[in-house]
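Here are my notes for someone opening this entry for the first time. Please keep the view open while reading the points.

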Amino acid sequence: MSSPESQSVADTLVQWQKVAGRQHLPWQNTGDAYRVWLSEVMLQQTQVTTVLGYYDRFLKAFSTVTALAQASEEEVMQLWAGLGYYTRARNLHACARQVLTRFGGEFPRDVAALESLPGIGRSTAGAIASLSWGLAAPILDGNVKRVYCRLFGVEGYPEQTAVKRELWAIAERELGRQAPGVYNQALMDLGATVCTPKNPNCAKCPLMKRCVALKKGMVGQLPQPKPKKPRPSQYFVALAVRSKHGEVGLTARQGKGVWRGLWMWPHLSLEGVDQVVDWPELAPLLQEIGLQADERQQAELVRQLKALNRQDWLVHELTHRKMHFKVLALDGVSGGDLVALSDRAVPRLVHKIMEQLGWT
DNA sequence: AAATCGTGGTT
DNA sequence: TAACCAAGATT
């Protein structure tokens, strides 16, 4: 599988890609910047298998960037719901609108102009330019960072500014300028299928003979992992309300925290498990969904609250923290500003809570 | 510059 | 099974 050392990295990879690279992903070889862009944004920090279904649904709903631009933000958020990193969805929509208003509905064939669009950074711009049109622009995603760190023995973790600068310089230098799209695709495919994070298959690697990490016996050490910090735990009480017709009491998340703009059960932060919570703290949650609890409902909620110590918390893990929820529930209520769940963009947690309640 | 932002696949 | 981390961008 290994090539002569006289052949350049780029030539070796381009040759390898044609026989061993991935070929059949739906956005590949379309020459369509809209499809490449849509897939690239969805693939940010997200695995291919997770993206496939979302990609199909988006393309079915919006066949062109103009169609996407003309949709409402709420429509876009609903289609994106469950995929995570929701700022991507808002930027996707904003980007589509800018493509329409600034560039007449066609993505600009220019890396700098692409980077000026919301949600498109340097790597995504390079991917769009090279994969759609064959322009000479490098990419630097997780796969490529890993390949370069090993191939050239780059130490320090890739999130560091100096290391990142070095990796971009390598990416510029090594870019296969005869076939930039194929070269970039090869880098990603190599990282995804051969030069994997764990148990890399060096025997199958076309760059085996020139890999610095392999030569030094450091493949398992590179790229150097980012120092990990403890994930703080946060505790909440959430209120789940449902009518007898199945409408639910959701509110739109305000501010700039997690799930901004999505709909969630009203909830309050506990700042630590020991804090005493009683009816005065719960009443505002009902107010958020336009509900005034009668005495029976009030007593029921307080009863559920007191059982806090004996009931397991529902844990929802995010990248940087663990969220623990105590769920209070009222079923079969009437009144309030309840909504149809199918009409709202909601995070997975909303469904997770319904499952715990048996509201399925 | 370091933190933030979701969720799920893989090992 | 708990840790790792995935076609990163933004602030």
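1. Start with DNA strand C. In this predicted model, 24 residues surround DNA strand C. The closest are Glu40, Gly119, Thr124, Asp141 and Lys228. Look also at which part of the strand faces the protein. Of the atoms of DNA strand C that come within 4 Å of the protein, 64% belong to sugar and phosphate.

2. What is the make-up of the surface near DNA strand C, by class? Polar residues number 10, nonpolar residues 8 and charged residues 6.

3. Next, the helices at this surface. Helix 2 (33–43), helix 8 (122–133), helix 9 (142–151) and helix 11 (180–193) each supply at least two of its residues.

4. Three phosphate contacts deserve a look. A polar backbone atom of Gln45 sits 2.8 Å from a phosphate oxygen of DNA strand C. For a polar backbone atom of Leu43, the distance to a phosphate oxygen of the strand is 3.5 Å. Arg146 uses its side chain: an N or O atom there is 2.8 Å from a phosphate oxygen of DNA strand C.

5. Now turn to the interior. The largest nonpolar core has 64 residues. Which of them touch the most other members? They are Trp37, Phe107 and Trp265. Helix 2 gives the most to this core, with 7 residues. Helix 2 is also one of the helices that supply at least two residues of the surface near DNA strand C. The core draws on both domain 1 (9–221) and domain 2 (233–357), taking at least three residues from each. As a general point, nonpolar side chains in soluble globular proteins tend to be buried together.

6. Trp37 is a good residue to inspect up close. Set aside its neighbours within four places in sequence. Trp37 is then in contact with Val65, Leu68, Leu92, Cys95, Ala96, Phe107, Ile120 and Ile128. Phe107, in that list, is itself among the three core residues that touch the most other members. Apart from this core lies another, of 34 residues. Val14, Trp168, Leu187 and Met188 are among its members.

7. Last, chain A overall. Its secondary structure comes to 15 helices and 6 strands. The C-alpha atoms fill a box of roughly 85 × 50 × 30 Å along the principal axes. Chain A has 360 residues, and 48% of them count as buried. Take the contacts in chain A with a separation of 6 or more: 68% of these are between residues 24 or more positions apart.

Methods. Residues are numbered from 1 along each chain as its sequence is written. Chains are lettered from A and ligands numbered from 1 in the order in which they are written. This is a predicted model: local features need pLDDT of at least 70, side-chain atom pairs count only at pLDDT 80 or more; totals for chains, interfaces and linings use all residues. Side-chain values use heavy atoms; hydrogens and water are left out. A residue is near a molecule or strand if one of its heavy atoms lies within 4 Å of it. A polar contact is a pair of N or O atoms within 3.5 Å; within protein, one must be able to donate a hydrogen and the other to accept it, and residues adjacent in sequence count only if both atoms are side-chain atoms. Helices (H or I, at least four residues) and strands (E, at least two) are DSSP runs, numbered from the N terminus. Ala, Val, Leu, Ile, Met, Phe, Trp, Tyr, Cys and Pro count as nonpolar, Asp, Glu, Lys and Arg as charged, and the others, Gly among them, as polar. A nonpolar core is a set of buried Ala, Val, Leu, Ile, Met, Phe, Trp, Tyr and Cys residues joined through side-chain atoms within 4.5 Å. Buried means under 20% relative accessible area, exposed over 50%, partly exposed in between (1.4 Å probe, protein chains only). Domain bounds come from an automatic or database domain assignment. Contact means heavy atoms within 4.5 Å.
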